[in-house]
Amino acid sequence: MKTLLTGAGLALLGSLWTTAYAAGLEPELGGVSTMPKPGPHWFMTIGFMGGGNLFNADTGEMQGKINVSDFTSAVAFDQKRGMVYVPATYYSRGSYGERTDLLVFNDLENLAAVAEVKVPNKLAVVFHRAVINPIGDKFIGLYNMTPAMSVSIVDVEKKSFVGEISTAGCGFVYPLTKRRFMQICGDGTVQVIALGRDGAETDRQRSKAFFDIDVDPVFDLALPKPDGWLLVTFGGKVFEVTVTDEIEISEPWSILTEEDAEEGWRVGGDQPFAYNAATGILFTVMHQGEADTHEEPGTEVWAFDFENQRRGYRLALEEPSGVIEVSRDADPLLYISVGFPSSIQVHKATTGRRLLTIPETGITANHIQAL
Amino acid sequence: MGMLESLQFGRRLDAQVARTTRRLAKRVSRRGFIGRLGTVLVGAGALPLLPVTREAAAATGISEMGDPQSCDYWRYCALGGNLCSCCGGSHTQCPPGAELSPVTWVGTCRNPADGKHYLISYNDCCGKEPCGRCFCHRTEGDKPIYYPSKSNNILWCFGTESHSYHCTVALVQGETSAAG
């Protein structure tokens with residue numbers, strides 16, 4: 001039967017080909033695209049019912065999709081090796097069965113899995129950008145929560161799990177120079193851990209306490225600057241954490257004037273601020289509300305000249321948003337996620353002027369990750 | 001980690017005075033994650049069932065009023081997730097086939113019926129697909145993820161067979177002072 005069907009199919013195809021060829025048409029052949037090398041204005045959206053969508057904000061075109069697991073909330077791009085690393089948790093029967101936690105290596109050109117490294121079944125199930133980041137030039141740090149907190153280290157050159165570092169009371173992986181990473185701790189400090197050439201811990205430092213978790217905690221989202229990270233409190237204070245041989249914490253400044261505070265303006269959202277170090281512009285998502293509204297979406301985006309600690313412009317949003325990101329380059333674009341399914345509004349970051357809107361970037365673009 | 005150890009994280013219980021109403025935040029971490037795991041009805045939020053006032057059958061014997069299928073129910077002051085009371089369970093019982101997580105985050109909520117504050121544990125029910133009904137997101141006293149015991153942006157399916165999130169219950173653990 002199979003032979004007969006195959007024979008009939010070939011005969012039909014042959015007949016069609018003959019007809020098309022006779023009419024002077026070359027039959028089209030299907031194929032598979034490869035992805036160009038990502039540029040500075042590329043970003044990835046990740047949210048529910050669809051994550052890992054890659055876009056070029058210069059054109060508004062989707063470039064491809066990275067396979068992620070139901071529990072993946074961020075990835076790490078390694079353009080030097082042409083890879084994207086995806087932390088993934090799978091159950092053998094979908095929502096139950098045997099659990100397997102992996103770091104999956106995807107080839108950036110084909111967006112296909114090419115290798116995987118088994119890691120302890122402890123990957124944190126939190127929706128956060130800093131669950132994965134590179135540490136030095138060949139290690140990846142993965143944030144674990146059971147709820148005891150730790151970090152798993154993977155060597156991407158050897159494609160092997162190196163070990164687990166206990167980080168009691170401190171969370172996330174915020175990379176620093178010299179194979180180090182920073183964490184935020186519940187006692188109001190930050191912690192810096194250094195790795196040796198083999199990926200094992202060699203040093204650990206703790207800052208002085210500079211915030212009170214009960215009074216005005218820092219958001220768990222930190223913003224990268226060349227020699228450290230910026231932290232913003234629920235109340236709108238900005239701290240600079242500079243890490244050289246020691247950890248220096250700056251005196252804070254407030255994004256709120258007295259008038260802003262009287263009007264009830266607050267930072268809020270799920271990814272409520274962004275910083276472009278090349279131009280020194282800090283962006284915050286603002287709403288008017290009471291205490292404990294730190295996850296409330298905003299009605300405006302404010303842009304600050306970081307060095308002068310002054311607001312440069314206010315951007316009124318047509319619909320509320322709690323998610324923004326900015327590209328890392330010296331001609332930055334600001335991305336704002338709005339609506340359901342989410343569109344990404346692309347603005348010129350230095351002026352606030354909208355350049356384009358990219359529709360249907362994901363059912364909800366809960367997070368935007370700049371490349 | 002067991003319940004008591006988890007509660008130790010919260011030894012510095014904060015001084016938030018719980019409010020009984022709050023506009024629901026939109027598109028937040030835990031909500032997004034839960035939704036991503038299969039819920040389509042984002043925006044349905046707290047299903048506006050007919051306003052019901054009923055005496056909950058509280059095993060604790062405390063006097064309480066309100067609708068456990070409403071986000072405004074007093075116990076839910078720091079709850080982010082789907083209400084098990086809308087999913088075949090109740091505000092204290094997981095729906096059939098789900099597994100109660102023994103490790104939780106906590107909130108301090110004011111019971112309007114007696115004016116007292118209670119320590120509430122929010123236990124996720126796990127091992128099934130997300131229920132997807134009666135999504136609530138209240139953040140009174142909520143802390144960042146690096147302070148887990150008071151963060152509702154974590155899927156708290158720890159100590160269970162599966163980390164898949166289904167819904168959340170709210171259990172009274174004891175009376176506490178508003179000042180913590």
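**Strand pairing and local packing in chain A**

In the predicted model, strands E27(A) and E28(A) make a hairpin in which three residues lie between the two strands. Gly339(A), located in this turn, has a positive phi of about 80°. Strand E27 of chain A covers residues 333-338, and strand E28 of the chain covers residues 342-348. The two run antiparallel and are joined by six bridges. One of the residue pairings between them places Leu333(A) opposite Lys348(A) of E28(A) as its bridge partner.

E27(A) also pairs with strand E26 of chain A, residues 323-326. Four bridges link E26(A) to E27(A), and the direction is again antiparallel. Ile324(A) has Ile336(A), a residue of E27(A), as its bridge partner. The connection from E26(A) to E27(A) is likewise a hairpin, here through six residues. E27(A) thus has bridges to E26(A) and to E28(A). Strand E27(A) is mostly covered, with five of its six residues classed as buried.

A separate set of pairings involves strands E12, E13, E14 and E15 of chain A. These four strands form an open sheet in the order E12-E13-E14-E15, with antiparallel pairing. Strand E12 (170-176) and strand E15 (201-206) of chain A are at the edges of this sheet; each has a single partner strand, and therefore one side of each has no neighbour in the sheet. From one strand to the next, the twist averages 25°. Within the sheet, strand E13 (residues 180-185) and strand E14 (residues 190-195) of chain A run antiparallel and are connected by five bridges. Gln183(A) has Gln191(A) of E14(A) as its bridge partner.

The surroundings of one further strand residue, Val238(A), were also examined. Val238(A) belongs to strand E18 of chain A, which comprises residues 237-243. Val238(A) is counted as buried because 22 C-beta neighbours lie inside 10 Å, the threshold for this class being 20 or more. When neighbours within four places in sequence are left aside, the contacts of Val238(A) are Leu230(A), Val232(A), Pro252(A), Trp253(A) and Ile255(A). Gln309(A) is 71 residues away from Val238(A) along the chain, and the C-alpha atoms of these two residues are separated by 9.6 Å.

Note on methods:
Residues are numbered from 1 along each chain as its sequence is written. Chains are lettered from A and ligands numbered from 1 in the order in which they are written. This is a predicted model: local features need pLDDT of at least 70, side-chain atom pairs count only at pLDDT 80 or more; totals for chains, interfaces and linings use all residues. Two strands pair if DSSP finds at least two bridges between them. Axes are lines fitted to C-alpha atoms, for helices over the stretch in contact, and angles run from 0 to 180 degrees between N-to-C directions. A residue is buried if 20 or more other C-beta atoms lie within 10 Å of its own, exposed if 12 or fewer, and partly exposed in between; C-beta atoms are placed from the backbone. Two residues are in contact if their C-beta atoms, placed from the backbone, lie within 7 Å.
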